[in-house]
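Grab your viewer and work through a few short exercises. Each has a task, then a solution that goes step by step.

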Amino acid sequence: MLHYIDTRQGSHNKHAFSHGNTLPYTSVPFGMNHFVVQTNQEGSWFFNPHDRVFLGLRLTHQPSPWMGDFSYFLMTPIADEKIKGSLFSCQSSYRPEEAVFKPHYVKVKQQRYNIITELVPTCYGATMNIKYNSSKQAGIVLNVKNISEFHIDAANRKITGYISNFAGCHDDGFRMYVSMSFNKDIDLSTSGYYNAEGDLCNETRLNGVDQHVVIRFHDCETDILEAKLATSFISLEQAELNLQRDSGPSLHELKDQAAQTWNHYLNKIQVSHSNEEYLRTFYGCLYRMFLFPQKFYELDENMEPIHYDTTAKAVKKGVLYTNNGFWDTYKTVYPLYSIIAPKEYEEMLEGFLNSYRETGFLPKWLSPDERGLMPGTLIDAVIADAAAKGIGQQLMPELLEAMLTAAKTQSEKDCYGRQGTLDYIKYGYVPSHYHESVNHTLDYAYSDYCISRVAEVLGDEEVAEHYRHSALNYRNIFDPETGFMRAKDANGQFRPDFNSTSWGLDYAEGSAWQNSFAVFHDIQGLIEAYGSKERFFEKITELCNKEPEFDVLGYGFEIHEMSEMAAIDYGQLAISNQPSFHIPYLFNYVGQPASSQVVIKQLLANLFNSGFDGYPGDEDNGSMSGWYVFSSMGFYPVCPGSNQYVLGIPLFDSVKIELPNGKHMKIETSNNNPQSNFVANVNLDNKPYQKLFITHEDILAGKSLDFRLGLAPSYRSYKPEELPFSITEPKN
């Protein structure tokens, strides 16, 4: 499926507006390093698909432009003496339409130097073949921001050293070690570093700040230079061990291996449609779901996993993962892993448990360690979904302990655990003097549900019952008069001068419209709080039909998420950001699936594509890609932890999912044409199916799911047991 993918999908962005805020990563799935063509020096936005300038190949660990990069450096092939080390002096034009951007392979021709560079990644490094077609001396410039030290070992055709740069880390001395080897002799007389005046200093040991290291070679001006590199967060010796393990195969052999690794995951879901653009979009999205989280562990000389603990500043045994924001990814990424990659999911849980053991709290946003961003502790949903699906069962007792720690303990450091924990316990909500208090309250209520699910799986009914009860705390901030979740002060008074379209302050990256329906575990209870399902239906219909207007009150300026909601023009349904992901499916809970179906089909058909503008907003570590992947197959995990997937409307004629137990689930869609925006009927295992959800057990059993689409909506009454899960059971 790799032929469908161009990694530049969603990569046309700037600070003020996002079409995905993606980078064209070349990597292996979950690899420790990513590699990206760098085309400019605009901070975190260092690539744009329309740029025609090549600065080099960047080894990067940037999960999002808003998070920044760590342990990064740039490799620029050169064949010119007229350089001063700076990026500007080294840059070359290139033709982006001729370059190759694939998950497993990147190829670029530098017009200035007439150099063709190919790169293939491994888990801990990469191999480059650099073909020089010039009479000028061949070389490579390493540009490193912040602190670094390198040693040129001409006798062994190597360069080794370390880099220390990061947007944020608990270890001020955090390093990445690098080892590079070459198949050509290094010319020490023309190698070294460029000083501030742009003069070349011939030295073999190079250390300093913002270095421009140049390595030049003998006898490869019209030949291929093979450069192999590996990195380590543990030691230089470990980096050299990682390099040694990759030293045998050629670039072409590694390219085949990387392709096989990618196809192992991409082939797990096979889709068909007459419109090839849909296939390109689907597989581009599926590829992005296996980039993050990244491995942050390595294998020692005995092939045992070890990692660097930035809290203790020491090497520890065991696995570790990084670069993930659970506020985004719990919604879609991990539920997909539960279906097609449960072993990898279990190993990630073990890594997150190691984060807890080392810091005292489960992670919220790792890059490389805890950054403490976004509301809630939504890794709880990742754990609960695994527990409910039988994944990582042996880890669950300690994971439950970790969840309870965050639910009961206020950390002395703001980056760990829940904010306002003790006040939430005291009042049953987070008071309004806390920033984004509404989202904190709703996320904690959902996390309490997740705790109850894990306790239930472990047979601890006392804990399960306690947290099932506190999972209803969302009711404490619901205002029946306006139909919105609203901030309350410690005296129980709603914040005055309420405006439903005001963003920020009490709400995270949205207004009351986007953030008042985050009651994934008890939508039926929310419906009852409205007074009737008719009023709830009217509210979410109004949400879809209301102008995409906004007030910048909480921020004081227009943030990019506001701009993107206005641009897509789907009412207040800001599918451009995570808080709205589940909203199109809510019509099912009041027995009006036709409204969900038409909205979902329009979102799929009009807001996603395989091009540079491929997403309606930030893609965020696979989360928005996951929304597309699930929704285009015809179902979506509204409430991770419940074991249910709410039905929507499939985009594809057929879907075949390869399951870990050797079975396959097949989804067939008939009468699938642009004008058919509704589901006429559904069969499960060749029998008429009336429920508005399927279960994880249905999927793992390999049951067939058949949709017939229609031109006009179908209406019928639904029994309580046919509606999706809620803690509050629906009434007849």
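**Exercise 1.** In which helix is the place of alanine 464?

*Solution.* Alanine 464 sits in helix 12, which spans residues 461-470. Helices here are DSSP runs of H or I with at least four residues, strands are runs of E with at least two, and both are numbered from the N terminus. Before going on, note that this is a predicted model, where local features need pLDDT of at least 70, side-chain atom pairs count only at pLDDT 80 or more, and totals for chains, interfaces and linings use all residues. Residues are numbered from 1 along each chain as its sequence is written, and side-chain values use heavy atoms, with hydrogens and water left out.

Next, check the surroundings of alanine 464. Its relative accessibility is 0%, so it counts as buried (under 20% relative accessible area; exposed is over 50%, partly exposed in between, with a 1.4 Å probe and protein chains only). Leaving out residues up to four places away in sequence, alanine 464 touches Ser452, Ala455 and Glu456, where contact means heavy atoms within 4.5 Å.

**Exercise 2.** Find what surrounds histidine 440, and say whether it is buried or exposed.

*Solution.* Start with the element: histidine 440 belongs to helix 11, residues 437-458. Then take the accessibility, which is 6%, so histidine 440 is buried. Its contacts, again skipping residues up to four places away in sequence, are Pro375, Gly376, Gln419, Val430 and His435. Finally, look at His435 again: the side chain of histidine 440 reaches the backbone oxygen of histidine 435 at 3.4 Å.

**Exercise 3.** Why does cysteine 415 have no bond to cysteine 169?

*Solution.* First, the cut-off: a disulfide is a pair of cysteine sulfur atoms within 2.5 Å. Then the distance: the closest cysteine sulfur to that of cysteine 415 is in cysteine 169, and it is 11 Å away, so it is too far for a bond. The overall tally agrees, as the structure holds zero disulfides. As for accessibility, cysteine 415 is buried at 15%, and cysteine 285 is buried at 0%.

**Exercise 4.** Trace the open sheet and work out which strands stand at its edges.

*Solution.* Six strands line up as 17-29-30-34-31-32, with mixed pairing. Strand 17 (269-272) and strand 32 (687-688) each have a single partner strand, so one side of each is left without a neighbour in the sheet. Two strands pair if DSSP finds at least two bridges between them. Strand 29 (residues 654-658) and strand 30 (residues 664-670) pair antiparallel over five bridges. For one of the bridges, isoleucine 657 partners methionine 665 in strand 30.

Notes: Polar contact = N/O pair within 3.5 Å; in protein donor to acceptor, adjacent residues only side chain to side chain.
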